[in-house]
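Hi,

Here is the structure I promised to pass on to you. Please have a look at it first, and then read my notes below.

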Amino acid sequence: MVRNRLYLLIVLSVVWTGAKSAPGVAAPQKLATYQATGGFWHIGDHRLQCGIAEDIPVPADYFNENSKRVAVFRPSNGFWYIKGPDNADWAHSAGNVAIQCGTAGDIPVPGEYEGEKKVSIAVWRPSNGYWYIKGQGRQNWGASSGNRAVHWGTNGDVPVPMDYFNEGRLRLAVWRPSNGVWYIKGREGGKNLGISKMNIALQCGVNGDVPVPGDYFGDGIVRLAVWRPSNGVWYIKGTDIADWGYSTGNVAVQCGVSGDIPVPYDFFGEGKLRIAVYRPSNGHWYIKGHGMKNWGSSTGNMVYYKGLKNQIPANLF
């Protein structure tokens with residue numbers, strides 16, 4: 001369960017696309033963590049309440065407001081609690097929305113699945129490998145039109161939906177820890193495994209790794225990537241359609257130690273992800289400088305301390 005929760009946090013981080021080492025560089029204003037005890041969000045220097053201990057943070061731009069809403073998914077009842085756009089606590093916020101979609105054990109995977117630049121509420125169910133993508137609107141699943149249920153993956157997989165081929169929508173995809181293979185579903189989004197065409201299977205990673213796909217070079221290309229807790233190395237695969245062992249342009253970069261949580265975000269609006277980790281043991285964010293050198297050889301590294309240990313990082317960028 002702990003590993004699954006870590007995988008989930010990373011997926012939610014990458015699907016949405018004080019500085020000790022660089023004096024004078026202020027901490028990004030949207031640097032955020034979720035404190036399970038009390039359901040508090042710490043965003044920059046502000047704190048607000050939204051959620052309870054069991055909740056999973058799922059911030060996203062649910063209503064095309066050009067800004068992510070603070071939101072949580074509650075496994076016990078399958079509800080998504082999307083807070084109003086103000087800086088008030090849930091109890092005092094205007095525009096709160098509660099929508100039911102999912103059940104206990106589901107993994108929330110909100111994203112733009114339809115190619116309409118609209119975020120859909122969605123979950124992946126490990127017990128049967130189905131993706132439940134809710135239709136647009138604020139109705140609960142049972143009253144919503146346009147819902148889709150698509151089978152892709154099996155129990156033990158990690159959902160990694162991304163726009164892998166610049167199609168303007170997310171592909172259904174899973175990473176399988178047991179063999180390190182990424183299974184990316186074909187474009188026929190409504191068809192199940194065995195019916196869908198142009199499915200892709202690529203090997204990158206080993207059991208114990210954490211999948212962290214994303215655009216690390218600012219070239220608009222999502223690369224398959226994993227972070228390895230045992231050595232803190234990021235393995236970023238080349239862009240060709242080949243397994244790691246046969247791929248050109250692979251990169252291996254060291255940043256982080258065992259116990260860290262990888263947080264590859266676009267912290268500075270550069271149009272690319274920075275290699276970075278959040279360290280729960282001391283509450284520090286370690287954001288690597290530009291380039292693909294290891295942390296120890298990299299210039300421009302930044303370390304931010306927010307005074308918050310053992311939090312859950314949340315991607316509001």
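**What I found around L224**

I started with L224, which touches Y164, W182, I184, L202, C204, Y235, I236 and K237, leaving aside residues up to four places away in sequence. Please keep in mind as you read that this is a predicted model.

L224 also turns up in the largest nonpolar core, which has 16 residues. Together with V160, Y164, W175, W182 and I184, L224 is among the members that touch the most others there. Four strands each give this core at least two residues: β13, β14 (181-184), β15 (200-203) and β18 (233-236). As background, nonpolar side chains in soluble globular proteins tend to be buried together.

Three of those strands are worth following in order. β13 and β14 run antiparallel and are joined by four bridges; A173 has I184 of β14 as its bridge partner. The two strands make a hairpin with four residues between them, and in the turn G180 has a positive phi of about 70 degrees. On the next step, β14 pairs with β15, again in the antiparallel sense and over four bridges. Here V181 is matched with Q203 of β15.

Just before the hairpin there is a residue you may want to display, E167. The loop between β12 (158-159) and β13 (173-176) is where E167 is found. Is E167 buried, partly exposed or exposed? E167 counts as partly exposed because its relative accessible area is 28%, which falls between the 20% and 50% limits. The side chain of E167 makes a polar contact of 2.8 Å with the side chain of R171. E167 also has R187 at 9.3 Å, C-alpha to C-alpha, with their positions 20 residues apart in sequence.

Another residue to click on is H151, in strand β11 (residues 148-151). Which backbone oxygens does the side chain of H151 reach? One belongs to N128, at 3.4 Å. The other belongs to G153, whose backbone oxygen lies 3.2 Å from a polar atom of the H151 side chain.

Finally, the chain as a whole. It has one helix and 24 strands. Of its 317 residues, 53% count as buried. The chain exposes about 13200 Å², and carbon and sulfur atoms supply 51% of that area.

I hope this gives you a good way in. Happy to go through any of it with you.

Best wishes

Definitions and conventions
Residues numbered from 1 in each chain as written. Predicted model: local features only at pLDDT ≥ 70, side-chain atom pairs only at ≥ 80, totals over all residues. Heavy atoms only, no water. Buried < 20%, exposed > 50% of the residue type's maximum accessible area, 1.4 Å probe, protein only. Polar contact = N/O pair within 3.5 Å; in protein donor to acceptor, adjacent residues only side chain to side chain. Areas by Shrake-Rupley, 256 points an atom, 1.4 Å probe, with all protein chains shown as cover. Core = buried A, V, L, I, M, F, W, Y, C linked by side-chain atoms within 4.5 Å. Contact = heavy atoms within 4.5 Å. Pairing = 2+ DSSP bridges.
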